[in-house]
Amino acid sequence: MDIVFELVSWGFYAYYLLIFIYIIMSWIPQARESAVAYAIARLVEPYLSVFRSIIPPIGMIDISPIVALIALRFVEQGVYAILKWVLGPFML
């Protein structure tokens, strides 16, 4: 059952990376014009828009991605706890 935990771990790690890449792309002019940037935006923006609707920007600084990353970490820990609870009897 370790493979399930590894797959979940890789999935969350990939999403963390996508969020970081999206944040860095916002600092680089013309970076959001490529097809790769558009694909990343379609994956990340729905999640970040939830936090942007709750947390307003402070001046020109948007702290919602930081809160979104922290919340994603809590969700990851919750998923691990649920997996341990569900798969616990099947683990050696």
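Which residues does Ser64 touch, not counting residues up to four places away in sequence?

## Ser64 and its contacts

Ser64 touches Phe51, Arg52 and Ile55, with residues up to four places away in sequence left out of the count. The structure is a predicted model, and every value in this report is computed from it.

Ser64 is found in helix H3. Its relative accessibility is 0%, so Ser64 counts as buried. One of the residues it touches, Phe51, is among the buried residues of helix H2. Another, Arg52, counts as partly exposed because its relative accessibility is 29%.

## Helix H1 and its surface patch

Helix H1 covers residues 2-27, and Trp10 has its place there. Is Trp10 buried or exposed? Trp10 counts as exposed because its relative accessibility is 57%.

Trp10 also belongs to a nonpolar patch on the surface. The other members are Tyr13, Leu17 and Ile21, and the patch has an area of about 430 Å². For spacing of this kind there is a general rule: an α-helix has 3.6 residues a turn, so residues three or four places apart point the same way.

## The loop between H1 and H2

Gln30 sits in the loop between H1 and H2. With a relative accessible area of 65%, Gln30 is exposed.

The backbone of Gln30 deserves a remark. Its phi is near 65°, which is a positive value in a residue other than glycine. Most residues other than glycine have a negative phi.

## Helix H2

Helix H2 runs over residues 35-54 and has 20 residues. From its first C-alpha to its last, H2 reaches 29 Å, close to the 28 Å expected at 1.5 Å a residue. Where does H2 bend? The bend is at Glu45, by about 45°, and the proline Pro46 follows within four residues.

The buried residues in H2 are Ala37, Ile40, Ala41, Val44, Tyr47, Leu48 and Phe51. These buried residues pack against H1 and helix H3. Glu45, the site of the bend, is partly exposed, with a relative accessible area of 25%.

## Helix H3

Helix H3 spans residues 64-87. H3 has 24 residues and reaches 34 Å from its first C-alpha to its last, close to the expected 34 Å at 1.5 Å a residue.

Its buried residues are Ser64, Pro65, Ala68, Leu69, Ala71, Leu72, Glu76, Tyr80, Leu83 and Leu87. The cover over these buried residues includes H1 and H2. Leu87, found in H3, has a relative accessibility of 14% and therefore counts as buried. The C-alpha atoms of Leu87 and Val4 are separated by 9.4 Å, although the two residues are 83 residues apart along the chain.

## Salt bridges

How many salt bridges are there? The count comes to three. In one of them, the side chains of Arg52 and Glu45 meet, with an N to O distance of 2.5 Å. In another, the side chains of Asp62 and Arg52 meet at 2.9 Å, N to O. Asp62 lies in the loop between H2 and H3 and Arg52 lies in helix H2, so this pair ties together parts that are 10 residues apart in sequence. Asp62 has a relative accessibility of 28% and so counts as partly exposed.

Arg73 forms a salt bridge with Glu76, and their closest N and O atoms are 3.1 Å apart. Arg73 counts as partly exposed because its relative accessibility is 43%, whereas Glu76 is buried, with a relative accessible area of 5%. Both residues lie in helix H3, three residues apart, which is about one turn of the helix. Glu45, Arg52 and Asp62 are joined into one network by salt bridges that share partners.

Methods
Residues are numbered from 1 along each chain as its sequence is written. This is a predicted model: local features need pLDDT of at least 70, side-chain atom pairs count only at pLDDT 80 or more; totals for chains, interfaces and linings use all residues. Side-chain values use heavy atoms; hydrogens and water are left out. Patches are made of residues with over 30% relative accessible area and no salt bridge: like charges are joined within 9 Å, nonpolar side chains (Val, Leu, Ile, Met, Phe, Trp, Tyr) within 5 Å. Accessible areas come from the Shrake-Rupley method with a 1.4 Å probe; for residues, only the protein chains shown count as cover. A salt bridge is a side-chain nitrogen of Lys or Arg within 4 Å of a carboxyl oxygen of Asp or Glu. Helices (H or I, at least four residues) and strands (E, at least two) are DSSP runs, numbered from the N terminus. Buried means under 20% relative accessible area, exposed over 50%, partly exposed in between (1.4 Å probe, protein chains only). The expected span of a helix is 1.5 Å times one less than its number of residues. The bend at a residue is the angle between axes fitted to the seven residues ending there and the seven starting there. Contact means heavy atoms within 4.5 Å.
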